[in-house]
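Work through the exercises below with the structure at hand. Try each task before you read its solution.

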Amino acid sequence: SEGGRPSPTPTPNQAGGREMARRVIYPLYQLGNPQLRIFRTNFFMTLVRPGREQPENTVQFRIPMEMTKFDVRNYLQSIYSAPVAAVRTRIQYCTNKKRNHKNQRVKRPDYKVAYVQLAQGQTFTFPDIFPQKDQTPEPGSVEEIQNKFLEDEKQKQKADPRRGGVTDWFGL
């Protein structure tokens, strides 16, 4: 604590013998700074397609571990002007059951998931980026010729019903 300012990270004695969580460092702003400062966020939020069905007014994000519910709310309201009713978060702990080529355990990193409930009357549907197109190819096209060739190959590879379930490599 030099110059009368408290130290940003407490020592083990200050924290009562325990280590405290890592602090988030925000950009420094000084009143009357001559240059124009543009503050960009230190966080990145990833919109995630939910694994199970959710209400229409709920959106799921994968966020950094340091981000809080209030940060999520401020981020969405100030940057995207999205009306937020509630924010719920949880930490997804990943497994360490996989092993690498040296038989050492490999753990995927944990991550935080935020469920944002939009204000009343607001809905969100996940965009359909790859819509299903019509599967019938036009006659004479390359796709039709490929499909016909694949069907002929499958027909050739079908088992002979007279062999009674005996595989081809076993000659009779």
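**Exercise 1. Place methionine 65 in the fold, then find its surface partners.**

Step 1. Methionine 65 sits in the loop that links strand E2 (58-63) to helix H1 (69-79). Helices (H or I, at least four residues) and strands (E, at least two) are DSSP runs, numbered from the N terminus.

Step 2. This is a predicted model: local features need pLDDT of at least 70, side-chain atom pairs count only at pLDDT 80 or more, and totals for chains, interfaces and linings use all residues. Residues are numbered from 1 along each chain as its sequence is written, and side-chain values use heavy atoms, with hydrogens and water left out.

Step 3. Methionine 65 counts as partly exposed because its relative accessibility is 35%. The scale runs as follows: buried is under 20% relative accessible area, exposed is over 50%, and partly exposed is in between (1.4 Å probe, protein chains only).

Step 4. Met65 joins Ile91 and Tyr93 in a nonpolar patch on the surface. Together they have about 300 Å² of accessible area. Such patches take residues with over 30% relative accessible area and no salt bridge; nonpolar side chains (Val, Leu, Ile, Met, Phe, Trp, Tyr) are joined within 5 Å, like charges within 9 Å. The areas come from the Shrake-Rupley method with a 1.4 Å probe; for residues, only the protein chains shown count as cover.

**Exercise 2. Describe the chain as a whole.**

Step 1. Count the elements: the protein chain has two helices and six strands.

Step 2. Read them in order. The pattern along the sequence is β-β-α-β-β-β-β-α.

Step 3. Check burial. The protein chain has 172 residues, and 15% of them count as buried.

Step 4. Turn to the surface. About 15500 Å² is exposed, with 53% of it supplied by carbon and sulfur atoms.

Step 5. Look at contacts (heavy atoms within 4.5 Å). Take those between residues at least 6 apart in sequence: 47% of them join residues at least 24 apart.

**Exercise 3. Follow phenylalanine 61 and its surroundings.**

Step 1. Phenylalanine 61 belongs to strand E2.

Step 2. Is phenylalanine 61 buried or exposed? Its relative accessibility is 12%, so phenylalanine 61 counts as buried.

Step 3. Set aside neighbours within four places in sequence. Phenylalanine 61 then touches several residues, including Met45, Leu47, Leu76, Val113 and Val116.

Step 4. Compare sequence and space. Proline 50 is 11 residues from phenylalanine 61 in sequence, and their C-alpha atoms are 8.9 Å apart.

**Exercise 4. Classify the aromatic pairs.**

Step 1. Apply the rule. Rings of Phe, Tyr and Trp (its six-membered ring) pair if their centres lie within 6.5 Å; planes under 30 degrees apart are stacked, over 60 edge-to-face, and the rest tilted.

Step 2. How many aromatic pairs does this rule give? The count is two.

Step 3. Tyrosine 75 and tyrosine 80 make a tilted pair, 6.2 Å centre to centre with 55° between the planes. Tyrosine 75 is buried at 12% relative accessible area, whereas tyrosine 80 is exposed at 55%.

Step 4. Phenylalanine 124 and phenylalanine 126 form an edge-to-face pair, because their planes stand at 90° with ring centres 6.4 Å apart. Phenylalanine 124 is partly exposed at 28%. Phenylalanine 126 is partly exposed at 27%.

**Exercise 5. Find the charged contacts.**

Step 1. Look for salt bridges (a side-chain nitrogen of Lys or Arg within 4 Å of a carboxyl oxygen of Asp or Glu). The whole structure holds one.

Step 2. Which side chains form the salt bridge? Aspartate 110 and lysine 107 do, at 2.6 Å from N to O.

Step 3. Check exposure. Aspartate 110 is partly exposed at 28% relative accessibility, and lysine 107 is partly exposed at 44%.

Step 4. Now seek a charge over a ring (NZ of Lys or CZ of Arg within 6 Å of the ring centre and within 35 degrees of the ring normal). Arginine 62 lies over the face of tyrosine 111, 3.7 Å from the ring centre.
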